[in-house]
Amino acid sequence: MADMWPEVATAKEENRRELNLHGPEISERIEKRGFDKHVFDLVGLNYLDVRKTCMTELSVSVSKLVNLNTLILHNNRLTTLPESVGDLKKLKLLDVSSNKIESFPNLDGLTELQSLNASGNQLSEFPGVSTLTNLHILNLSHNELQALPDGIGDDKLEYLAQILADNNAITQVPDDLANLVRLHTLDLSFNKITELPSQLSECQKLKEFNVKGNKFKDRKLTKLVEQSHGKSVLNFLGVQLQKEQASEMGKKGGKDKKKKKKKGGSKDEVEELAKDIIDVLHFPSETGITVQVKPAVISVRPYFVCCIVRKLNFKKSLNMFKRFITLQTRLHDTICEKRQTATIATHDLKLVKPELVYDARSPQAIRVVPLFKSSEVTAAKLVSDLRKEADEVRKEKKRNTFSGIHKYLDLLKDKAHYPCLLDGDGHVISFPPITNSDKTKISQDTTDILVEVTSSSSLDVCKKVADELLREMLVMGVGTPVEEAAEAAADVGEGDAAAIQKLVVEQVRVIDHEGGLKVVYPSRTDLPLDIYEVSRE
């Protein structure tokens, strides 16, 4: 005990969970006798902060601190870290900034890590991060990195919101950063980047984007970066992405089909074809899907429209499916006014059994398998669990408001009955405005979807939301190319026209409990023309 530092002795005696070792006195002790090894016997520690000392190495015995969730080693003289750091399974925050670290250990075991700060070191490379599935913040600025870590664009990093990698020697930006659905800050300023992937424009939540101090090949991009905000740069990249997708569509255009337009056709004639098309299929009397609206739902959430979209291709590009999911989220936040006026749900048509019923039932009577869950629960339990979860999150983050799905719970407040959509077997496939059923969820392999829009405001709101969803789907290119038009455009050298898309939409009828027609969508008065044509068969 004689060689135990007083701070360590006190922590041991009082069974403390935190230990702070800072400043000149601690540094002097380390210089004379080395770091006190008894620190690593304090297995109850949750928090260890050693900063502003002359410490040059961290003992492998750090792995004995199995309960550690915060390890701060800021502003010391460390040149490396032991591999045993990777054994700290409960670690949530690791700060080794402002040292002289040249190499970093494998971090695969740190699956609980939320914040990693290795800025201000001498790192030329960094280990893969794809297993750090709870990571929120990654700070690698002011190093000598030539590339971002492997796996940084892995879609399993669903919480990664901040990437700070300025003042390095990075030469390329991975195009799969668009997979990071929560990314809102990306700082790659003062590196050696010459090009930016257009896919960055698909980062829907990216608000803080800094790439100044790089030497881009594109002069227009260089000027835009230096003179404007990151949003303008992302808009520029979005235009580039559209051009790339148009070019790709042109290459895939129907070369095997017989041309219906003679070569040498005029540019004006091609322009007649150069609009995307929404192809509306009339309700098929024998195979069409009908939705019956029960009287009970009229006083709860009365307005409902539905349609089928066929021949979709979510595999057309790397992020097409994620862009579609992001589109629904964006529409919920904008035209649906945070789901206050309407809610969108999409189902894989092959998993839906007709005929459908739109009804309202007591919370205990509704049983549903929520999205991304494996077991069935009552609507009452689902809402109750979400409310508890919302309160816990709000208290933990010290907020006065709810976020995510929790903010929609008030839409059901004081309701004796909840709305639900049931399939032909009586199974609930949708519980608006909260969740769809996992049984009918769409995937990248889905080709035909059933779209439903519900509202407590008006039928017109439902139609406007459905119109906007279909228009956006057409613009994003998830439909099929119009091959004859593409070939005609190619004949007169109009490459951009080759990206003409067709979205095939089939009508669905909504009837009342007596069989009377309430609405068929899309009807002749729906889908107002703007950037597309409507073909009705």
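## Strands, charges and cysteines

Modeller: Let's begin with strand S8 (residues 185-187), which pairs with S9 in the parallel sense over three bridges. Keep in mind that this is a predicted model.

Biologist: What makes S8 and S9 count as a pair of strands?

Modeller: The cut-off is at least two bridges between the strands. Between S8 and S9 there are three, so the pair qualifies. For an example of residues facing each other, take Leu 186, whose bridge partner in S9 is Phe 209.

Biologist: Which larger arrangement do S8 and S9 belong to?

Modeller: They belong to an open sheet of nine strands, in the order S1-S2-S3-S4-S5-S6-S7-S8-S9, with parallel pairing. At its edges are strand S1 (18-22) and strand S9 (208-210). From one strand to the next, the twist averages 5 degrees.

Biologist: Why are S1 and S9 called edge strands?

Modeller: Each of them pairs on one side only.

Biologist: Which strands pair in the antiparallel sense?

Modeller: Strand S17 (residues 418-422) and strand S18 (residues 428-431) do, over two bridges. The cut-off is at least two, so this pair meets it. Leu 421 has Ser 430 in S18 as its bridge partner. Five residues lie between the strands of this hairpin, and among them Gly 426 takes a positive phi near 85 degrees.

Biologist: Where does the chain go after S18?

Modeller: A hairpin of three residues leads from S18 to S19. Strand S19 (residues 435-436) runs antiparallel to S18, and two bridges join them. Here Ser 430 stands opposite Asn 436. The loop between S18 and S19 holds Pro 433, and the peptide bond joining Pro 432 and Pro 433 is cis, with omega about 5 degrees. Another cis peptide bond joins Pro 354 and Glu 355, with omega about -5 degrees. Glu 355 sits in the loop between strand S13 (343-348) and strand S14 (356-361).

Biologist: Now to the charges. How do you know that Arg 29 and Glu 7 form a salt bridge?

Modeller: Their closest N and O atoms are 2.8 Å apart. The limit is 4 Å, so the pair counts as a salt bridge. Arg 29 belongs to helix H2 (residues 23-33) and Glu 7 to helix H1 (residues 6-13), so the contact ties together parts that are 22 residues apart in sequence. By this rule the structure has 26 salt bridges.

Biologist: Why is Arg 29 called buried, and why is Glu 7 called partly exposed?

Modeller: Arg 29 has a relative accessible area of 10%, and buried means under 20%, so the word fits. For Glu 7 the value is 25%. Partly exposed covers the range between under 20% and over 50%, so Glu 7 belongs there.

Biologist: What does the salt bridge of Asp 155 with Lys 322 tie together?

Modeller: In that pair, the closest N and O atoms are 3.0 Å apart. Asp 155 lies in the loop between strand S6 (137-139) and strand S7 (162-164), while Lys 322 is in helix H6 (residues 320-333), so parts 167 residues apart in sequence are linked. Asp 155 is partly exposed at 42% relative accessible area, and Lys 322 is partly exposed too, at 27%.

Biologist: What makes Arg 330, Glu 468, Arg 471 and Glu 472 one network?

Modeller: The salt bridges among them share partners. One of the links is between Glu 472 and Arg 471, at 3.5 Å from N to O. Glu 472 counts as buried, at 14% relative accessibility.

Biologist: How do you know that Cys 306 is in no disulfide?

Modeller: The nearest cysteine sulfur belongs to Cys 307 and is 6.6 Å away. A disulfide needs the sulfur atoms within 2.5 Å, so Cys 306 has no partner. In fact, the structure holds zero disulfides. Cys 306 is buried at 1% relative accessibility, and Cys 203 is buried at 5%.

Biologist: Which residues other than glycine have a positive phi?

Modeller: Among them are Lys 52, with phi near 55 degrees, and His 142, also near 55 degrees. Lys 52 is in the loop between strand S2 (47-51) and strand S3 (70-72). His 142 is in the loop between S6 and S7 and is partly exposed, at 44% relative accessible area.

Definitions and conventions:
Residues are numbered from 1 along each chain as its sequence is written. This is a predicted model: local features need pLDDT of at least 70, side-chain atom pairs count only at pLDDT 80 or more; totals for chains, interfaces and linings use all residues. Side-chain values use heavy atoms; hydrogens and water are left out. Helices (H or I, at least four residues) and strands (E, at least two) are DSSP runs, numbered from the N terminus. Axes are lines fitted to C-alpha atoms, for helices over the stretch in contact, and angles run from 0 to 180 degrees between N-to-C directions. A salt bridge is a side-chain nitrogen of Lys or Arg within 4 Å of a carboxyl oxygen of Asp or Glu. Buried means under 20% relative accessible area, exposed over 50%, partly exposed in between (1.4 Å probe, protein chains only).
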